[in-house]
Amino acid sequence: MTSKWNAFLSKIKNTDMFHRTQWRLTALYSGILMVFLTLFIAIVCFLFYMIVTNDQERRITSLANQEQKAIEQFLLKQSDFAFMDEENVVFLSEDQFFFYVVGTNGELLMGDEVNKGMRPFLLEALQNSALNENELTYIKVKFPANIHPFARFHSHELKLLTAARPIAIRGHLVGVLYIGMDVTSFSNVFQRLLIVLACLAVFFIGIAVLLSYFMSKRALVPIQEAYHRQRQFVADASHELRTPLSVILSSVEALEMEEELTKNELTQKLLDRLREEIKRMTKLMNDLLTLARADSAHASLQLVKETFDFRPHAERTLRLLEELASKKNIRMHFHSPESVIIAADADKLTQLLYILLDNAIKYTPDGGEVTLSIGIAPFKQQRILTISVKDTGIGIPPESLDRIFDRFYRVDKARSRQQGGHGLGLSIAKWIVDAHGGTIHVQSEVGKGSEFIVKIPC
């Protein structure tokens, strides 16, 4: 059961953001409805219980006061108090289950009940309850299975509401009056009511979840349409801009071949700056196209998996970034076994490695260190490719750790602009890892550096 639930949660986690948002809205809407439904049921049960119990307590209090007065008036006319309980002057009312007058020494002076066979059990229950004078309390009376006082009792346990009143003659305490009212039926009805309301709550909670699901789905329709149109525009614009950028870059390279232009120092600086900006724009267009393909419904089909040794690809990526690292006097370290044989998309993993290393170099101060470690580790009867990129850079604040993989998110916008960042690299890295069914997370401390750890089943 637990594995199925975890698989369900994993399936939700791996869906697109609209499905995740829909499930969050469903949980929010249904949660609100559940809270109101629970409060409604609790209030109904509380009011019903309070109204009925208050009425019962009011009636037994009235009966106790009336019987107290009747017994005291009767005793005032007697020369002695040694009367038998058959000589009662108090008769059981319709609501009354029993009444007893117990003397100060514990003997029964007077009493009656709806069934004579229950007297020992009633007296025992009263003795165990330690009921005080002028007090109301609920007691439970249990009797053996072979005793069936009334056919209306479907259990061998009765619930009685009892009251106690002192009996005093001329300031002399004679005994205590105990009377009881049967509330077993009400207790059973209240329990059944709770069961019925609980079943209704489950039923309406199911309806609330379904309604919340359809409401959230309809609420997201216009947002989805606008998002899809925006995504299509970005993809089309990125694709269309690649051609003019390529033409401009070719023209700049052609101008650099003219000796007369290159002799002019200002012109050479302008051409260098123009070439760098064109490369930056080209990279941005390529990143946008990559994300647009990742958003498509058939993004998983873009992976071309093959069995290969990942170490040469890692070494080639390090060589490509050596120039960038040497400009900042950053030392590069590489740890890997002799061979790292995996089955994955070589181009995509190389792109992932380039993004992580490029970020590490950009955000590491001059004279720092960047360490790349790759290897294969066993995990639950399968092989896992582990990639670790660790730097001694500026680090990431704790409040930004959950957002660094969001598109266009930059921790330090001013620094990112100076270094040419657009906030897309880590989004692409996250997509590559997700497409391979892996995980990526970061450990960071401000001022000490960061470490990105990737785990991909291979």
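In the predicted model, His335 of strand β7 has Ser373 as its bridge partner in strand β9. Arg331, likewise in β7, is paired with Glu369 of β9. In total, 5 bridges join β7 to β9 (residues 369-379), and the two strands run parallel. In general terms, the strands of a sheet pair through backbone hydrogen bonds, in either a parallel or an antiparallel sense.

This pairing belongs to an open sheet of 5 strands, which follow the order β7-β9-β10-β12-β11 with mixed pairing. The edges are occupied by β7 (331-335) and β11 (439-445); each has a single partner strand, so one side of each is left without a neighbour in the sheet. From one strand to the next, the twist averages 15°.

Beyond β7, strand β9 also pairs with β10, here in the antiparallel sense and over 10 bridges. Within this pairing, Ala377 stands opposite Ile384 of β10. The two strands β9 and β10 form a hairpin with 2 residues between them, and Lys380 in the turn has a positive phi of about 50°. Strand β10 is in turn joined to β12 by 7 bridges, with the two strands running antiparallel. One of the pairs in this arrangement is formed by Val389 and its bridge partner in β12, Phe452. As a general point, the side chains of a regular strand alternate between the two faces of the sheet.

The approach to the edge strand β7 was also examined. Asn329 is found in the loop between helix α8 (322-327) and β7. Asn329 is not a glycine, yet it has a positive phi of about 55°. With a relative accessibility of 56%, above the 50% limit, Asn329 counts as exposed.

A helix accompanies the sheet. Helix α9 lies across β7, β9, β10 (382-391), β11 and β12 (449-457), and it runs at about 25° to β10. Helix α9 (residues 346-362) also packs with helix α11 (residues 425-435), at an angle of about 145° and with the two axes 9 Å apart. The crossing in which α9 passes α11 is left-handed. On the α9 side, the contact is made by Lys348, Leu349, Gln351, Leu352, Ile355, Leu356 and Asn359. These residues meet Gly425, Leu426, Ile428, Ala429, Trp431, Ile432 and Val433 of α11. The residues of this contact divide into 10 nonpolar, 3 polar and 1 charged. As a general rule, an α-helix has 3.6 residues a turn, so residues three or four places apart point the same way.

Helix α11 is mostly covered, with 8 of its 11 residues buried. The buried residues are Gly425, Leu426, Ser427, Ile428, Ala429, Trp431, Ile432 and Val433. Just after α11, Gly437 takes a positive phi of about 75°.

Two further segments are marked in the database record. In an unreviewed entry, UniProt lists residues 27-52 and 193-214 under "transmembrane region". In the model, residues 27-52 are 100% helix and 0% strand, and the C-alpha atoms at the ends of this stretch are 37 Å apart. Residues 193-214 are likewise 100% helix and 0% strand, with their end C-alpha atoms 31 Å apart.

For the protein as a whole, the secondary structure comes to 11 helices and 12 strands. Of its 458 residues, 38% count as buried. Among the contacts with a separation of 6 or more, 66% are accounted for by residues 24 or more positions apart.

Methods:
Residues numbered from 1 in each chain as written. Predicted model: local features only at pLDDT ≥ 70, side-chain atom pairs only at ≥ 80, totals over all residues. Heavy atoms only, no water. UniProt positions renumbered as here; feature names shortened; annotations may be inferred. Helix = DSSP H or I, 4+ residues; strand = E, 2+ residues; numbered from the N terminus. Axes fitted to C-alpha atoms, helices over the stretch in contact; angles between N-to-C directions. Left-handed = near helix turned anticlockwise from the far one by under 90°. Contact = heavy atoms within 4.5 Å. Nonpolar A, V, L, I, M, F, W, Y, C, P; charged D, E, K, R; others polar. Pairing = 2+ DSSP bridges. Buried < 20%, exposed > 50% of the residue type's maximum accessible area, 1.4 Å probe, protein only.
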